[in-house]
Amino acid sequence: MTEVREEAYAWPRRPAASRDVLLELLVHGAMPRSELAERLGLSRPTMTRLTRGLVEAGVLVEAETELRTALGRPSELLRVVPAAGHFVGVKLTGDHLYGVVTDLTASVVGTLDEPLTSTDVTSVLAQVADAVERLRRRHRRVMALGLTLAGTLRRDAGPAVVVESMFLRWADVPLEQLLVDATGLPSVVENDVQALTAAEHWFGAGAGLDSLAVVTVGAGIGCGLVVHGRLVRGAHGLPGQLGHVLVDPSGPVCDQGHRGCAAAYLMTAALLDHLTTPEGRPTFDEALARARAGDPAAVEVVDRAGYALGVVVGTVANVVDPQKVLLTGEGLPLHEVAAARFRDGLAATYASDPDRLVIDVQPFDFGEWARSAAALAIRSVVQGTA
């Protein structure tokens, strides 16, 4: 077994209150000590002591002054030092590895991507370890590794186990501990949609919001939720699943045998199946191009998918009433090509006025998914779970 390198744990060995201060500045940006104290319910002397320790550790820096209120004197702001630590994030698909290095603020400072040489667990671990080592040679003070994949995880108060990953064809893989052994880094593994949701809540489109719904569409239909400022985790380790939300009881059957569910319209494979002819099966881009050009068959299939996407978003919004719905995934162009039918599906489902709903469309690439894995590693260090 490879031992975790001691320097990976060297920072921040701080009490929970110090981590709370750092978290507040990471999520909400620079602010003066007085504002931090008020937000966290701490006394001024306690805040001074906590921030002094973080400044001495090189994690925070005293920055410029700024007038924060109409009355009073300008206040000196505290900022996070981005270079205080680096973090590796890896996103695995069924055939590819995407990697990034970020600083402490989750800004990407290095990338790599390469095809998987095999989906065998031992082979993937060796390839991840090699990729991590190459990234570490370029960036000092790498403190933790985050890895995400599509699948179901189990923790049982210990390192995460991949119960099932359909695209990699894995079952019951103790991946978190295997990564520690292979890389010597504190490692954390998470479902990719859950990690993306957490990353966007801390460092992205949902930063600082108390409620957020993330809907992803493509090879699958995923959902991540933030409620009362916290990522929602299911009781059985299952990621949010929206694929079997009913759209039309007389509609087509999905690959799991459910009639008229969202998956039967929205999943990329199902959408392309509807357009397959004896002459062949189009690619997703070809299907969209045909719809844009007015091809009747493609317009019908894409419009039905757009309507189903509206139903999915409306259903989530009904359940959670989020401040924002973040919509992403490789199937995202459906929202633009079938915009009118998306609005129809949303209006038919959402119980309130659709105009009140904030929908943030974000065309993330796989680099952003890898960044969310690095953000997962940042969270583990800041929260003291690494």
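The legends below describe close-up views of pockets and nonpolar cores in a predicted model. Residues are numbered from 1 along each chain as its sequence is written, and side-chain values use heavy atoms, without hydrogens and water. Local features need pLDDT of at least 70 and side-chain atom pairs pLDDT 80 or more, whereas totals for chains, interfaces and linings use all residues.

**View 1. The largest pocket.** The largest pocket (an open set of points on a 1 Å grid over the protein atoms alone, where a 1.4 Å probe fits, with protein on both sides within 12 Å along at least five of seven lines) has a volume, the space filled by probe spheres set on the points, of about 1100 Å³. Of its 44 lining residues (an atom within 4 Å of a point), A150, F167, A219, G220 and I221 are the closest to the centre.

**View 2. The second largest pocket.** This pocket holds about 800 Å³ of space, and among its 31 lining residues R233, R379, S380, Q383 and T385 lie nearest the centre.

**View 3. The largest nonpolar core.** In this core (buried Ala, Val, Leu, Ile, Met, Phe, Trp, Tyr and Cys residues joined through side-chain atoms within 4.5 Å, buried being under 20% relative accessible area with a 1.4 Å probe and protein chains only), L242, L266, L271 and L334 touch the most other members of the 46. Leaving aside neighbours within four places in sequence, L266 is in contact (heavy atoms within 4.5 Å) with residues including V217, I221, A305 and L334.

**View 4. A second core.** A separate core of 33 residues includes L26, V27, L54 and Y98.

Terms used: Buried < 20%, exposed > 50% of the residue type's maximum accessible area, 1.4 Å probe, protein only.
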